[in-house]
Amino acid sequence: MNKSVSTTLRPGLKLVYLLIAVATGLLMPIQSRVNGALGVQLGDAVAAALVSFLVGLVALVIIHLLLPGARRAARSVPRVIRERQFPWWYLAAGAVGGSVVVSQSAAVPVVGVALFTVSLVTGQTVGSMIVDRIGFGPAGPRKISALRLAGAVLTVIGVIWAVSPRISTDIELTTLLLPMIFSLVVGVLMGFQSASNGVQAHAYGTPMTATLMNFVVGTLMLAAILLVRLPSISPLGELPNQWWMYVGGLLGCVFIGVSAFMVKHLGVLFTGLCMICGQLLGSLLMDLLVPTEGSQISFATVAGTVLTLLAVALASVSGTGKLTRKRN
């Protein structure tokens, strides 16, 4: 039996989804700050990422045990995979999530928040465009219009402008190159992560179970990497007593779950642009409310953030169009 998946949204509903995606993006700077502090406390980026993922995994397991609908969706996972309702390698989205958390803890101390943000956002924008055009997401291939392409380019320019006051010039390029390339590649893969999570959410019937599978795969990957590395690294630091150092995994649950839901309705690229906009706004708010050493707000910071907001507005003018994909 053939089914069609329509992606046409009413303007009012599209605005609501846009605002939710932007609000979710606000969580990323908080998660980066928390995971960065956890990495310093433990003395290892992979260990910090594993702790963050374990917290998120425990929370998701509890939710699935408490909610009947989530329990039914979780029980359907073996059948969905067995019936090949999506390519099995879509499960690798969880490994991408683990890599994002590792990059937060490992790259930021070397290149700084500014260059890390530029690298990640550039990769995220490019990856989202590629994934949307190929059609990895639940709504199939999407045409990248001129307005949407212009919005993507302006988003990257806006991010570079916003973080330019923080970019240090006293570090050698060779020192920056490897962590920046790593962050760029992780950003590209985030487009695939959003698309595959959207497909999994559709197959399971809920983004909550797609998020659970992300955390299962990510936790297993990080645990394996840490076990291999343990003999060659310094002893890990003690687990922190501060409760807030453990909320990174919970924020990750929200980020992945909302992204998995939104890509079906907004597409991978537009969802990514909205969340990037939220990331910049969140960074600006954190610098205002809870500044850290080296934090500074200048004209470029505010102007770059405003340009990013305008870029997202420009991209939203180009409608998603009515696309259909046949399903058996």
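These legends go with a few close-up views of the predicted model. Residues are numbered from 1 along each chain as its sequence is written, and side-chain values use heavy atoms, with hydrogens and water left out. Because the model is predicted, local features need pLDDT of at least 70 and side-chain atom pairs count only at pLDDT 80 or more, while totals for chains, interfaces and linings use all residues.

**View 1. Cys274 and Cys277, with no bond between them.** You'll find 0 disulfides in this structure; a disulfide is a pair of cysteine sulfur atoms within 2.5 Å. The sulfur of Cys274 has its closest cysteine sulfur 7.2 Å away, in Cys277, so they are too far apart for a bond. Cys274 is buried at 0% relative accessibility, and Cys277 is buried too, at 2% (buried means under 20% relative accessible area, with a 1.4 Å probe and protein chains only).

**View 2. Gln279 in helix H11.** H11 covers residues 268-289 (a helix is a DSSP run of H or I, at least four residues, numbered from the N terminus). Gln279 is buried, with 7% relative accessible area. Leaving out residues up to four places away in sequence, its contacts include Gly25, Met28, Val121 and Phe255 (contact means heavy atoms within 4.5 Å).

**View 3. The largest nonpolar core.** This core has 25 residues, and Met190, Phe270, Leu273, Cys274 and Val312 have the most contacts inside it. A nonpolar core is a set of buried Ala, Val, Leu, Ile, Met, Phe, Trp, Tyr and Cys residues joined through side-chain atoms within 4.5 Å. H11 gives the largest share, 6 residues.

Conventions:
Buried means under 20% relative accessible area, exposed over 50%, partly exposed in between (1.4 Å probe, protein chains only). Helices (H or I, at least four residues) and strands (E, at least two) are DSSP runs, numbered from the N terminus.
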